[in-house]
Number of protein chains: 2
Amino acid sequence: MNTYQRIVLAARPQGEVLPEHFRLESVPVPPVGEGQVLVRHQYLSLDPYMRGRMSDAKSYAAPQPLDETMIGGTVGQVVESKNPRFAVGDTVVGMGGWAEMSLSDGAMLRKVDTTHIPASAYLGAVGMPGMTAWYGLNHIMKPKAGETVAVSAASGAVGSIVGQLAKLKGCRVVGIAGGSEKCAYVVDELGFDACVDYKAGNLRADLKAAAPDGIDAIFENVGGEVFDAALARTNAFARIALCGMIAGYNGEDIALKNVRTLLTNRILLQGFIVTEHMELWPQGLTELGQLLAGGKLKFRESVAEGLAAAPEAFIGLLKGRNFGKQLVKLA
Amino acid sequence: MNTYQRIVLAARPQGEVLPEHFRLESVPVPPVGEGQVLVRHQYLSLDPYMRGRMSDAKSYAAPQPLDETMIGGTVGQVVESKNPRFAVGDTVVGMGGWAEMSLSDGAMLRKVDTTHIPASAYLGAVGMPGMTAWYGLNHIMKPKAGETVAVSAASGAVGSIVGQLAKLKGCRVVGIAGGSEKCAYVVDELGFDACVDYKAGNLRADLKAAAPDGIDAIFENVGGEVFDAALARTNAFARIALCGMIAGYNGEDIALKNVRTLLTNRILLQGFIVTEHMELWPQGLTELGQLLAGGKLKFRESVAEGLAAAPEAFIGLLKGRNFGKQLVKLA
C-alpha cells in the first residue's frame, strides 16, 4: 500500500512550542473519488498564524484539532484528477497542510502559472503573505508619497513586501528587524531607506534617527517594545495596520504602554486578517505577480528540507531564526 | 476703574492637579475696540481636556501658557459690542476662559437661542461634549440596531449623550460609571439597559453579565482597567472611539494589556478630537438641539458657584466627584 508522511498536532503548547507538540506519521494515500484531486506537495509554507491555531484560546479561527494534519499552505503538482478543472501535472496552490500529499475537492485549489514566477513564490510574495502586505498597505495605511512608513519584521515574508510596495509609492520606508545581517539585507537588497536592529539595544534612539520626520503609517507584525517604540515616533493622524504580534505568541507580556499616543495623535488602528478580504485577492495577486515578474519585488526564502524538518523550522520562525519566507521543500 | 476676576495657570502640575497650580486675579475690564465684543460670562465649562493643556508634554494642542487666563468654554451675554453681528443682550457661546468676562473679535463667538434650550446646555449636550458624543458614535462606532454599545464615564457630559443617542438607534447600551448612585442614574434616568459600577470590584464579571452578547462598539473615556475590561468583551469587528483616558491624566499607568484582542477581533480603533471636525458641527448641533428641545435627551449638571470655586471643581472632575456636566456659575 502506498503511504505518505504527514505531521499532526500531538499536544497544545503551554508557552513555547517544542518538537514534542508535533508527531510525524505515515498514512495511506487515499483513493481519489469523483470530483477529487490528489496533489503531491512541492513546498509547505510555515507562517506565524499557525501558532495561534495550536492554542485553543478563543480567536478568529477554530483551533487546529489534535491528531489531525497541521494546517498549512502548499504548492504542488496534481498527480491524479477526477475533477475536470485540473489535469495531472498542473501546479496548484492550496491548504494541503503539513503533509507530502493532500486530497481535495478542488474548491480551494488555485492553478498557477510558473512560467515567470517560481512555484514557491505563490506561498510568499504572490500568495497569502504578499496579499497581507498589499491589503494592509493599500486598504489601511494608505500612505502618500513622501510619508514615512515603518515596518516591523521587515525582512520577513510580509514585511519585505510591505516595504517594497511603499517604496514604489514614493514613501520613506524604515524597517525594524532583528540583527545586522537582516538589516543590511533590508536596506541593500530590498531598498528600504533605513533599518533599525531592535537587538542592538537602542531601539528608540535608532528609530528616531531613521525616521527624523516621524512615522505616518505602521505595519505591525511584532508587538510589545517594538510597537511601543514605533508608536512613540508617530505623527498626527498616523495609520496602523495591525497584522501580528509575534512577540507575544507564547504568552509573553506585550502590554502597550504608549496607549495615550493613540489618542493624542488621533491614530487609526485596524486589526485585520487577510483571508476575510478574498474579494480583493484577484486584484492584489495580479498586481503582485506583475511586479514580481517585472523584477520590481525581491524576496528571500529559508528552505528546510523534508517534512521531518518542519517542526524545527517552525520553532525557528517563531524565534526569528528564519531569514525571509520560511518554506519546507517536500519534493 | 472697573475690574473682573480671572484664573491663570500659576504652575504646571507634576502628577495630581492642586489648587496652587491656579491663581485668582483681578484685572481691568479692557476697552472695546472696533469690531470687538465684550461678554459677561454666565457659565464656565470644566472639561477633562484642560488637564492636558496644563502640561507642556507634546500633544495635539499647544500647552496653556503660564500666567495667562486658563482656556475654557463659556456662555454669557454681550454687554458691549462694536461688532455689527452682535447686540447687547445676545447670549453667546465661546472660549472665554476661566474668567468673569472676555473680549473677543467675534470670530469664534456663536449666538445661541435660549427659548427652548437653557444657556448652560450649550456647554454640554448641545455643545462640545454633545458633539464629541455625536461624532464618536456616528462617525467611528456606527452601531446598528441590536448591537451592544459600551460607554465609560457613562454619567458624564459626553458619556450620557453617547448612550442616549445609541438607545435612539435601537442598541443595547451598557454604561460604566463609578458608584451605585451614578449607575442608578444612568439606568433609571438616562435609560441605558445596564450600568456597571467599576468601583464595586467585579468589573469583568459585571460587564459580562451586562453585555451577554459581547460588545460591538466602545466609546472610551477612561482607559486603563476599564478599557481592558471592555476590550475583553468585544465581538469580532468591534469599533472603538477613543475619546479620553482620564485614568491616566496624572501620569498613572494605563498600559493596555488586552492588546492581542485588537488583532484577534479585527478591531477598528480611532482616536479623535472633535474640534478637528468643525464641518460637522452645524449638522450635529442641529440634531442635538432638536432632540434636547423635544425632551429626548436628558442631562445633569454639577454647578459650582463663583469663579473662585473653579479649581476645586476641576480637581473634583478629574477624580470623578462631579455628577454630570461640570459647570461654574459666574453670573
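Which are the buried residues of helix α6 (residues 224-232) of chain B? Keep that in mind while you load the view; this is a predicted model, and the tour starts right at that helix.

**Stop 1: helix α6 of chain B**

Select 224-232 in chain B. The buried residues of this helix are G224(B), V226(B), F227(B), A229(B), A230(B) and L231(B). Now show what sits over them: the cover includes β8 (148-152), β9, α5, β11 (215-220), β12 (234-242) and α7 (259-264) of chain B. Several of those elements come back at the next stops.

**Stop 2: the sheet that runs through both chains**

Colour the strands and follow them from one end. You are looking at an open sheet of twelve strands with mixed pairing. Its order is β10(A)-β9(A)-β8(A)-β11(A)-β12(A)-β13(A)-β13(B)-β12(B)-β11(B)-β8(B)-β9(B)-β10(B). Select 194-197 in each chain to see the edges: β10 of chain A and β10 of chain B each have a single partner strand, so one side of each has no neighbour in the sheet. On average, neighbouring strands here are turned by 15° against each other, ignoring direction.

Stay at the chain B edge and pick strand β9 (residues 172-177). Four bridges join β9 of chain B to β10(B), and the two run parallel. For one facing pair, label V174(B), which stands opposite A194(B) in β10(B).

**Stop 3: helices on the sheet**

Next, select 180-188 in chain A. This is helix α4, which packs on the sheet and touches β9 (172-177) and β10 of chain A. The direction of α4 makes about 170° with that of β10(A). Then jump to chain B and select 203-210. There, helix α5 lies across β9 and β10 of chain B, running at about 175° to β10(B).

**Stop 4: where the chains meet**

Go to the middle of the strand order and select 268-271 in both chains. Three bridges join β13(A) to β13 of chain B, and these strands run antiparallel. Label Q270(A) and you'll find it opposite L268(B) in β13(B).

Now widen the selection to the whole contact, which takes 25 residues from chain A and 26 residues from chain B. On the chain A side, β12 (234-242), α7 (259-264) and β13 (268-271) each supply at least two residues. The biggest giver is α7(A), with five residues. Colour that side by class and you get 15 nonpolar, seven polar and three charged residues.

How are the two copies related? Superposing chain A on chain B takes a rotation of 180° with 0.0 Å of shift along its axis, at RMSD 0.0 Å. That is the relation of a two-fold axis. Also, 100% of the interface residues of chain A are interface residues in chain B too, so the copies meet through the same surface.

**Stop 5: the two domains of chain A**

Hide chain B and give chain A two colours: domain 1 (3-123 + 300-329) and domain 2 (128-275). Their C-alpha centres lie 28 Å apart. The contact between them takes twelve residues from domain 1 and 15 residues from domain 2. The domain 1 side divides into four nonpolar, four polar and four charged residues.

**Last stop: G33 of chain A**

Finish by selecting G33(A), in the loop between β2 (22-28) and β3 (37-45) of chain A. Is G33(A) buried or exposed? G33(A) is exposed, with 10 other C-beta atoms within 10 Å. Draw a C-alpha to C-alpha distance from G33(A) to G106(A): the two are 12 Å apart in space and 73 residues apart in sequence.

How values were computed. Residues numbered from 1 in each chain as written. Chains lettered and ligands numbered in written order. Predicted model: local features only at pLDDT ≥ 70, side-chain atom pairs only at ≥ 80, totals over all residues. Pairing = 2+ DSSP bridges. Axes fitted to C-alpha atoms, helices over the stretch in contact; angles between N-to-C directions. Contact = placed C-beta atoms within 7 Å. Domains from an automatic or database assignment. Nonpolar A, V, L, I, M, F, W, Y, C, P; charged D, E, K, R; others polar. Least-squares fit on C-alpha atoms with pLDDT ≥ 70 in both. Buried ≥ 20, exposed ≤ 12 C-beta atoms within 10 Å, placed from the backbone.
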